[in-house]
Structure formats: structure tokens, C-alpha cells
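Subject: Structure handover

Hello,

Here is the structure I said I would pass on. Please open it beside this message and follow along.

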Amino acid sequence: MTLAVRYTSARTLDTAVVDAPEPGPGEVELAPAFVGICGTDLHIFHGDMDARVQAPAVLGHEMSGRIVNVGPGVEGWRPGDAVTVMPLRWDDTCPACRAGHQHVCQHLDFIGIDSPGAMQQRWIVPASTLIRLPQALALDRAALVEPTAVAVHDVGRAQVAEGEKVVVVGGGPVGILIALVARAAGAEVRVVELSAHRRLLAEEVGLTAWNPADDDVPELVRQWTGDAGADVAFEVSGAAAGVDTAVDVLGVRGRLCLVAIHPRPREVNLHRFFWRELTLVGARLYDRSDFERAVALVADGTIPAERLISKVVPLTQAPAAFEALEGGGDVMKILVDCTDDAQGVAV
């Protein structure tokens, strides 16, 4: 048995003892150490994904931990290995998979949404999802590898190049990570964010942040770029105003990378797309190479993971942590610590 955090209905989480099965062929048993709470988890908590999530559902897909046991046929892994998980399981038969785009499989099982996630003391996953971590990398920092992989994929989709000017609209965890990854690629970056707390954090990690409530962001971009406009904009805010800003700051043949999940259709200034020959690209999830790059960026300190972790709470306090994240602005990333023996050891 193992202790787990479960979504049971809209705005309701519990901690419950659940079965901890043995790993089957091709599977491994993990002891999650730290699990991050992300925006998708909050969408689930709000009841917005009830058509997809089958309650009671164990949440969590941003994680780090160690292997406890390996199932039959698993090679190359052993108990004690430090790992994270690329939480994707695809069918390899649909048109997307056959075209080489398994990460957007048309029947994708996103582990932690469509099947049980990491917010528990023991977790069974396919060995094929494992990503090795350096033994020296602290496991709390390693819990940020998954969102960093999102950022790596986003920057790759936008084809950010050295010397380009990039605007990131939305300075939450993923927005800051995109800004840091784009900077590592040699771009000059500006972050647009309403929250004073998040702007301050962005500046503490060496980024320049603008407040759209007080600043004329398109005019600032015009001055910054010598009237050329930005080469790339990332829409990470999920707000209609964020979409407008991301479109307005782009120069001729600029690229808009849509990262945020917009739950409803948005009006978009298509005339500007026509007039400036803009390009819109979507960015969803990641592949193994994105994860491996993310591990390297966290391990070498390019991503200052420790600065992005606002709080670490024990598993039993995870429901309260979800409520704290709803306030948004003064919190960046909350991790759930699944290792505290006082919470009840898996048996």
C-alpha cells in the first residue's frame, strides 16, 4: 500500500492509501521524491478536465525520484538509480506516430492525467519513460526537468536563433523557463508579466521584465528593436490580452509560438498576420531529446531551479498547496515531498 494525493471532484483532493502493485514486464517501481504542481494540475483541480480525468485520479507528472524495483525484462536500470519520467505513452500506430510525432499521438496517454501520476510514495511506470539523472543533481531541483523540457521544446519549435529578440508574454514558471532557455540559445529576451513578485524573480535571475499594466509594451519593443519588432513572441499567459500583446510586438516575418492552453477561442488580429507575414506555431509537450537537454540545463545551473521553487510541502499538505497556487502571483513553483516517512511508509 502507498499514500497518494487524489483528485475526487471539482476543487476536492484527498490523501488516501492505495494499492502499490509489483512492476510487470517492462515496468519499474519508483519512489517519487519531489513532484511539482503545474498549471495542468490546477485545471484538473478546477474540474475543467473531467471529461478526460477519471476520478479518483492520482495527479502529478513533474517529478524526480529513485528506482525501487525493476520488472521482468527491464535492462539498464537498477534500484537506486536517480530518474525522472517523460510521462508519455503512445500507440505507435496512429497517423501522428507513423509520421514520427509520437509525442502528439492521436491516442496519447499522458501519465498523470489519463493514467495514475507521481503524487504518491510508490509509482509504477514503463521503463521506456525513464530519463536518467546525474547522481549529483539534487532531487528537488531535478523535479523541474519536466517543465524545462517543455521550454526546450517551445524554443525549438519557434526556431530561436542567436542574436534574435524574443518577447515572452507571461512570467509564470514555464514563461521564465522559456526565457532562460531562449537566453541560453543566444537570444535577447524580455518578459511581460503583471505580477510584481514574478517580475522581481525574473530580474533576480538576470532577465528584464515589463509590466503591461503600466508600460506600453509594443512601444518598448519598438524602441528596443530599432523599430523592427521582435523576431519571436511566446504566448504563455493564457489571456486574451496576452494574445494581443504577443501579436502586436512582432516584426515582419516574426514567429508567434503558442504555449498556453486557451480554454476558449480567441480573437486574433489576422490582418497583422497578413500585413507582416507572421507565422503561428503551436508547441505541445516534448520528446526525449528535449528531456535530455533539460537535464543538462538544470544540472549545469543554466536553469537556476532553486530560485524557482517557492515552497516544498509534505504529501499530506498537497491539497492546501493547490489552493495556495490559485492566488498565482506570489508563488512560482510548489513541490510536494513524497519522501517523509512520517506520512506513512509504503508497504
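Below is what was found in it, grouped by region.

Before anything else, please keep in mind that this is a predicted model.

Strands at the start of the chain

An open sheet of three strands runs in the order β2-β1-β4, and its pairing is antiparallel. Its edge strands are β2 (12-18) and β4, each of which pairs on one side only. Between strand β1 (residues 2-9) and β4 there are two bridges, in the antiparallel sense. One residue to look for here is Tyr7, whose bridge partner in β4 is Ala57.

Strand β3 and its partners

Strand β3 is mostly covered, with eight of its ten residues buried. Three pairings of β3 are worth tracing in the viewer:

- With β5, β3 pairs in the antiparallel sense over eight bridges; Glu29 has Asn69 of β5 as its bridge partner.
- With β9, the pairing is antiparallel too and has four bridges; Glu27 stands opposite Pro126 in β9.
- With strand β18 (residues 333-337), β3 is joined by three bridges, and the two run antiparallel; here Val35 is opposite Val336.

When you look at the side chains, remember that in a regular strand they alternate between the two faces of the sheet.

The second largest pocket

Strands β3 and β9 come up again in the second largest pocket. β3 (27-36) and β9 (123-126) each supply at least two residues of its lining. The largest share, four residues, comes from β9. In total 17 residues line this pocket, and those nearest its centre are Pro21, Pro116, Gln120, Trp123 and Ile124. The space in the second largest pocket is about 240 Å³.

His61 and its surroundings

Where does His61 lie? It is in the loop between β4 (57-58) and β5 (62-70). His61 counts as buried because its relative accessibility is 3%, and the cut-off for buried is under 20%. Leaving out residues up to four places away in sequence, His61 touches Val35, Cys38, Thr40, Asp41, Val85, Pro87, Phe110, Ile111 and Glu146. Two of these names appear elsewhere in this message: Val35, which stands opposite Val336 in β18, and Cys38, which is taken up next.

Cysteines

How many disulfides does the model have? The count comes to zero. A disulfide needs a pair of cysteine sulfur atoms within 2.5 Å. The sulfur of Cys38 has its closest cysteine sulfur in Cys338, 14 Å away, so the two are too far apart for a bond. For Cys105 the closest cysteine sulfur is in Cys97, at 3.7 Å, which is also too far for a bond. Both residues are covered: Cys38 is buried, with a relative accessible area of 11%, and Cys105 is buried as well, with 4%.

The parallel strands and helix α8

Strand β14 (residues 230-235) and strand β15 (residues 250-258) run parallel and are joined by five bridges. In this pairing Glu235 stands opposite Leu258 of β15. Together with helix α8 (residues 240-248), β14 and β15 make a right-handed β-α-β unit. β15 also pairs with strand β16 (residues 279-282), in the parallel sense and over four bridges. There, Leu256 is opposite Leu280 of β16.

Within helix α8 you will find Ala241. Is Ala241 buried or exposed? Ala241 counts as exposed, because its relative accessibility is 53% and exposed means over 50%. Ala241 and Ser115 are 126 residues apart along the chain, and 34 Å separates their C-alpha atoms.

Ile303

The last residue to look at is Ile303, in the loop between α10 (288-299) and α11 (305-308). Ile303 is buried, with a relative accessible area of 1%. Not counting residues up to four places away in sequence, Ile303 touches Thr148, Leu177, Leu180, Val181, Leu297, Val298 and Leu308. From Ile303 to Val191 is 16 Å in space, C-alpha to C-alpha, and the two are 112 residues apart in sequence.

Regards

How values were computed. Residues are numbered from 1 along each chain as its sequence is written. This is a predicted model: local features need pLDDT of at least 70, side-chain atom pairs count only at pLDDT 80 or more; totals for chains, interfaces and linings use all residues. Side-chain values use heavy atoms; hydrogens and water are left out. Buried means under 20% relative accessible area, exposed over 50%, partly exposed in between (1.4 Å probe, protein chains only). Contact means heavy atoms within 4.5 Å. Two strands pair if DSSP finds at least two bridges between them. A crossover is right-handed if, with the strands pointing away from the viewer, the path from the first strand over the helix to the second runs clockwise. On a 1 Å grid over the protein atoms alone, a cavity is a set of points where a 1.4 Å probe fits but cannot get out, and a pocket is an open set with protein on both sides within 12 Å along at least five of seven lines; lining residues have an atom within 4 Å of a point. Grid points are joined across faces, edges and corners, and a volume is the space filled by probe spheres set on the points.
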